[in-house]
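The exercises below ask the reader to work from a structure to short, reasoned solutions. Each task is followed by its solution in steps.

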Amino acid sequence: MDIKTSVECDQLIKRYIATRAATTEICAPLEIEDLCIQPCADVSPPKWHLGHTWFFEELILRQFVAGYQRFDEHFSLIFNSYYKSAGPHWTQKDRGNLSRPTVA
């Protein structure tokens, strides 16, 4: 890895960590029950957004880390928004019907 690539990689990691911290901070005052509510078909429940780390796993780690093993094979179906090339996805209007994975 050359220096430029290493610096760019470090910047991406810092941005990822900052984004994840902002997401969890926004959700911190919510109760578990609040995280599961889907107010309408066009808005996903907050716990679904917490699962967006799946994008990092699917689009970065699986592609660029040799031998990477998915955390959970089912997450591809559950957290894939619209990426047809990544396989089938759970429809947005039905995300509030998922009781699993748990918020924890």
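## Exercise 1. Two cysteines

Task: Determine whether Cys36 is buried, partly exposed or exposed, and how many disulfides the structure holds.

Solution. The model is a predicted one.

Step 1. Cys36 has a relative accessible area of 27%, and a residue counts as buried under 20% and as exposed over 50%; Cys36 is therefore partly exposed.

Step 2. Cys27, by contrast, is buried, with a relative accessible area of 11%.

Step 3. For Cys36, the nearest cysteine sulfur is that of Cys27, 11 Å away. A disulfide requires the two sulfur atoms to lie within 2.5 Å. Because 11 Å is not within 2.5 Å, Cys36 is in no disulfide.

Step 4. Cys27 is likewise in no disulfide, its nearest cysteine sulfur being that of Cys36. The structure as a whole holds zero disulfides.

## Exercise 2. Overall architecture and confidence

Task: State which elements make up the protein, and which of them has the lowest mean pLDDT.

Solution.

Step 1. The protein contains five helices and zero strands. Read from the N terminus, the order of elements is α-α-α-α-α.

Step 2. The C-alpha atoms fill a box of roughly 45 × 30 × 25 Å along the principal axes. Of the 104 residues, 21% count as buried.

Step 3. Among contacts with a separation of 6 or more, 48% are made by residues 24 or more positions apart.

Step 4. The mean pLDDT of the protein is 80, and 96% of the residues reach 70 or more. The lowest mean pLDDT among the elements, 75, belongs to helix α5 (residues 75–79), and the highest, 88, to helix α2 (residues 32–36). Where pLDDT is low, the predicted coordinates should not be read in detail.

## Exercise 3. A salt-bridge network

Task: Identify which residues are joined into one network by salt bridges that share partners, and describe the accessibility of Glu58.

Solution.

Step 1. A search of the whole structure finds three salt bridges.

Step 2. Glu58 pairs with Arg62, and the closest N and O atoms are 2.7 Å apart. The two residues are four positions apart in helix α4, which means that about one helical turn separates them. Arg62 is partly exposed, at 36% relative accessibility.

Step 3. Glu58 also forms a salt bridge with Arg70, with closest N and O atoms 2.8 Å apart. This pair links distant parts of the chain: Glu58 belongs to helix α4, whereas Arg70 lies in the loop between α4 and α5, twelve residues apart.

Step 4. Glu58 has a relative accessibility of 4% and counts as buried. Arg70, at 22%, is partly exposed.

Step 5. Arg70 in turn forms a salt bridge with Glu73, whose closest approach between N and O atoms is 2.9 Å. Glu73 is exposed, with a relative accessibility of 54%.

Step 6. Shared partners thus join Glu58, Arg62, Arg70 and Glu73 into one network.

## Exercise 4. A nonpolar surface patch

Task: Name the residues that make the nonpolar surface patch of about 480 Å², and say where Phe64 lies.

Solution.

Step 1. The patch is made by Leu59, Ile60, Phe64, Val65 and Tyr83.

Step 2. Phe64 lies in helix α4, which spans residues 53–64. Its relative accessible area is 66%, and Phe64 is exposed because this value is over the cut-off of 50%.

Step 3. For the protein as a whole, the exposed area is about 7,600 Å², of which carbon and sulfur atoms supply 61%.

## Exercise 5. The surroundings of Arg95

Task: Establish whether Arg95 is buried or exposed, and which residues are in contact with Arg95 beyond its neighbours within four places in sequence.

Solution.

Step 1. Arg95 is placed in the segment after α5.

Step 2. The relative accessibility of Arg95 is 3%; because this is under 20%, Arg95 counts as buried.

Step 3. With its neighbours within four places in sequence left aside, Arg95 is in contact with Gln38, Ser44, Pro45, Trp48, Asn80, Ser81, Tyr82 and Trp90.

Step 4. The C-alpha atoms of Arg95 and Pro46 are separated by 10 Å, although the two residues are 49 residues apart along the chain.

Conventions: Residues are numbered from 1 along each chain as its sequence is written. This is a predicted model: local features need pLDDT of at least 70, side-chain atom pairs count only at pLDDT 80 or more; totals for chains, interfaces and linings use all residues. Side-chain values use heavy atoms; hydrogens and water are left out. Buried means under 20% relative accessible area, exposed over 50%, partly exposed in between (1.4 Å probe, protein chains only). Patches are made of residues with over 30% relative accessible area and no salt bridge: like charges are joined within 9 Å, nonpolar side chains (Val, Leu, Ile, Met, Phe, Trp, Tyr) within 5 Å. Accessible areas come from the Shrake-Rupley method with a 1.4 Å probe; for residues, only the protein chains shown count as cover. A salt bridge is a side-chain nitrogen of Lys or Arg within 4 Å of a carboxyl oxygen of Asp or Glu. pLDDT is the predictor's confidence in each residue, from 0 to 100. Contact means heavy atoms within 4.5 Å.
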